[in-house]
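Biologist: Please take me through one part of this model in detail. I would like the surfaces near the two DNA strands, and then whatever helps to place them.

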There are 2 protein chains.
Amino acid sequence: MTRTVSDSDSVRRQNRGLVLSALRMQGAQSRTALASLTGLSHASMTAIMSDLLSQGLVAELIADRPDGRARGRPATFVNFARNAAHAALFELDVNRARLSLIDYGGVLVDRIETDLTPTTFAGIAPCRFLSDRLDALLARTPAAQKTLRRVAISVQGILERDGRGLRWSPIQHLAGAPFATELSEARGLPVTLHKRGRLLAEGARWLDPALHEASVATVFVGSTVAMGVTFRGQIMGRGDEGATEFGHMNHVPNGALCRCGMRGCIEAYAADYAVLRNAYSVPETAPPAPAVPAQQYEMLMQRAESGDRSATHAFNLAGRAIGFGLSRLLAIYDPSHILIVGPGARALELMRPEIDQAIKTSLVGSINGAPNIIAHRDETEPIFKGLLMKTLNDIDQVDFAPLPSTERAGTAG
Amino acid sequence: MTRTVSDSDSVRRQNRGLVLSALRMQGAQSRTALASLTGLSHASMTAIMSDLLSQGLVAELIADRPDGRARGRPATFVNFARNAAHAALFELDVNRARLSLIDYGGVLVDRIETDLTPTTFAGIAPCRFLSDRLDALLARTPAAQKTLRRVAISVQGILERDGRGLRWSPIQHLAGAPFATELSEARGLPVTLHKRGRLLAEGARWLDPALHEASVATVFVGSTVAMGVTFRGQIMGRGDEGATEFGHMNHVPNGALCRCGMRGCIEAYAADYAVLRNAYSVPETAPPAPAVPAQQYEMLMQRAESGDRSATHAFNLAGRAIGFGLSRLLAIYDPSHILIVGPGARALELMRPEIDQAIKTSLVGSINGAPNIIAHRDETEPIFKGLLMKTLNDIDQVDFAPLPSTERAGTAG
DNA sequence: CTTCTTTTTTCGAGCATTGAAAATAATGCT
DNA sequence: AGCATTATTTTCAATGCTCGAAAAAAGAAG
């Protein structure tokens, strides 16, 4: 249970959070619209909004858009004050690092990309690498230096239980390095680490509003296989839950060699390197390629789509691995939707027959029916969007929340 | 998200719930003790307690136990008023139905047991069956008739999404029958259906206080294989989440025939009938026995414990199935403890080597280390305890909660 | 210039929490 | 027996939040 005492302060926080969420979700709104969106009374809306305005978190928009037939008093829209805060978002991948600067309104301000190789972090300490990019980014937008409140990093792998480091990562030389803590101390800013799967879960809700309240498993298929889950629109827990190691769920005991060093993982059948390996009849115990060029993977899909036998076979094996993984997932957690994202999403139709077949062999799949499996063809947006929304939400609810008391709009004195 | 507006009413409910939970967990307490247990101020404690007293939910105990060296004003202990409510709890099993009458204090008042056969519910409608037992029970304790507030039923199988019925159940002729709704209408009482796995999750927290805040997967091994999960002391969702179909997770494609009709389920290797089948070298595609006498299962364990080859082999196969199931579970959800309960708990040591072996082959198991696997030798208590606590909690928070306003202790007039 | 319409703010009431002070109820010492 | 001591409960006044209703504000329509 671990519930905690509730008082009038927690009431205000709850309702303030409600308002901010509504604003994040629906964009600029009038106070009246927000009141009905959140269910709060107009009176409370006024009070909360005057708090937010005096804190500088939101700003009133000038009604430059008189939409013709407006009868009564025109509504003043409010929205996030873009300059109230900035955040730096790193996305670390096996072969690329991307750093984005966003403002409090969620707008992308600037972006830097850097290629990574398996030896990058052997040559430079991860903290140093990140710090350098951050300097470069801030040099181009000096105004953001003062308002930068958070650094968030998307990583792959297994996090420490305290979320401050990595126990294992497919990105070489990253595990064990306390770069988040170091960077945090060097900059005097909160630096958070986010497992990719968790961000997939977060991002999926924002990609398709219809899924915002649903239970969704989002599967990334590409250089790795990852999964995040939401449960009726919520992500379990505060930490890095909602993330799974789906890609490293065992598919076949003692099976194909995975990049993680284990054998028989789903990833070892369904990630790009695995499909490639199978398409070219390389023994499945051969060491996985460190990185597969996007073109090569694309070409393989084309070959399979045009009927090439060995390519088709490779995608069938991938589908079978994912299918049995999903079938096993269903025994534990039964989502209403399964979203496939990443480069491999394009190959869903190649894999679907095997996926369907595998799900049919499970009790839950056959009783409850297979969930909707949908491809979302977008390699990075779910992760970026998830990272962005998670970070803005942290700023909303953590950084800007604990102000103890605020002066109300002057009570006539 | 789906959060809702908070007001002073929700504050009171939250804190009231806190007090009741503390009382359920720790037993009779003084107001002062409850205040420090919940974190509420003494003043609030007085207010909440006078609410509860005037509603008749709790009663003050007469301090019949003057414990010697008590210095100041002696504390008056409060506890649940046992006669404030009663509940009837059905536990439906493949071969037994048990009905317990409990009071609001959680004390078992009376109990009726009935054997079931695969044809029981072919001969009598489930609603009728339940209603008859309930009449018999109430006839023996007429005082409970007026205060009976809820009927709760523990079942096995897959529930409808609305939780009002069963889609599938190993108990013959139970799926599809709307007995919960019928019984509810016939009696004018709320009747709730609970999946066994969910109750395992609920019950595990109460069996061992140390696990109350942990993430636990509780596995029942016996005539079926079931699992419930808690996450940092919480059970996901309001409905029947927290339950899984672990027993029907696929272990080997196209493998042994399961009672559910599918092939290769974990249950088809690890339930009592499966171990029996393997120990006697019956083909694994042979139809499962409808029910295995407890004695026969016990004997099998004894044989294995004393070294009998075929018996040992059968338990090894069971361990392997459970082990791979757990290894696959770990990829999705990583509990700190795994509790094995039910008749098969005694066989844990026979299965442990294979379980450990299987977990070692998974990435999460090898990075994070295997979770603590503990046997809890108690066939029915986790389920009963879970059903009891869940139902009492429902009475606390649902039945007794929505009273709109209560008179405070008279403000000097 | 007045009337209508819609949005926003103000006002008073109601509730729940809290810390501090007061009341209560027993024991221990003189 | 009487008074000091000690621990538990209750009372009191202050604070903060929400809410409904009424008032104020800001344009559009006639």
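Modeller: What follows goes from the DNA to the chain contact, and then into chain B.

This is a predicted model, where local features need pLDDT of at least 70, side-chain atom pairs count only at pLDDT 80 or more, and totals for chains, interfaces and linings use all residues. Residues are numbered from 1 along each chain as its sequence is written, while chains are lettered from A and ligands numbered from 1 in the order in which they are written.

Start with DNA strand D. It is surrounded by 38 residues, where near means a C-beta atom, placed from the backbone, within 6 Å of the strand. The closest are Ala43(A), Ser44(A), Arg73(A), Gly72(B) and Arg73(B). Two or more residues each come from α1 (8-26) and α3 (42-55) of chain A, and from α2 (31-38) and α3 (42-55) of chain B. Helices here are DSSP runs (H or I, at least four residues) and strands are too (E, at least two), numbered from the N terminus. By class, this surface has 14 nonpolar, 15 polar and nine charged residues. Ala, Val, Leu, Ile, Met, Phe, Trp, Tyr, Cys and Pro count as nonpolar, Asp, Glu, Lys and Arg as charged, and the others, Gly among them, as polar.

Now DNA strand C. Around this strand there are 38 residues, and Gly72(A), Arg73(A), Ala43(B), Ser44(B) and Arg73(B) come nearest. The elements giving two or more residues are α2 (31-38) and α3 of chain A, with α1 (8-26) and α3 of chain B. The classes are 14 nonpolar, 15 polar and nine charged.

Next, the two chains. 48 residues of chain A are in contact with 48 of chain B; contact means C-beta atoms, placed from the backbone, within 7 Å. On the side of chain A, two or more residues each come from α1, β9 (166-168), α12 (309-330) and α14 (363-368). The most come from α1(A), with five residues. That side has 23 nonpolar, 18 polar and seven charged residues.

Last, one residue in chain B. Ala358(B) sits in helix α13 (residues 348-360). Ala358(B) counts as buried because it has 23 C-beta neighbours inside 10 Å. The cut-offs are 20 or more other C-beta atoms within 10 Å for buried, 12 or fewer for exposed, and partly exposed in between, with C-beta atoms placed from the backbone. Leaving aside neighbours within four places in sequence, Ala358(B) touches Arg320(B), Gly323(B), Phe324(B) and Ser327(B). Gly319(B) is 39 residues away in sequence from Ala358(B), yet 8.9 Å away in space, C-alpha to C-alpha.

Notes: Contact = placed C-beta atoms within 7 Å.
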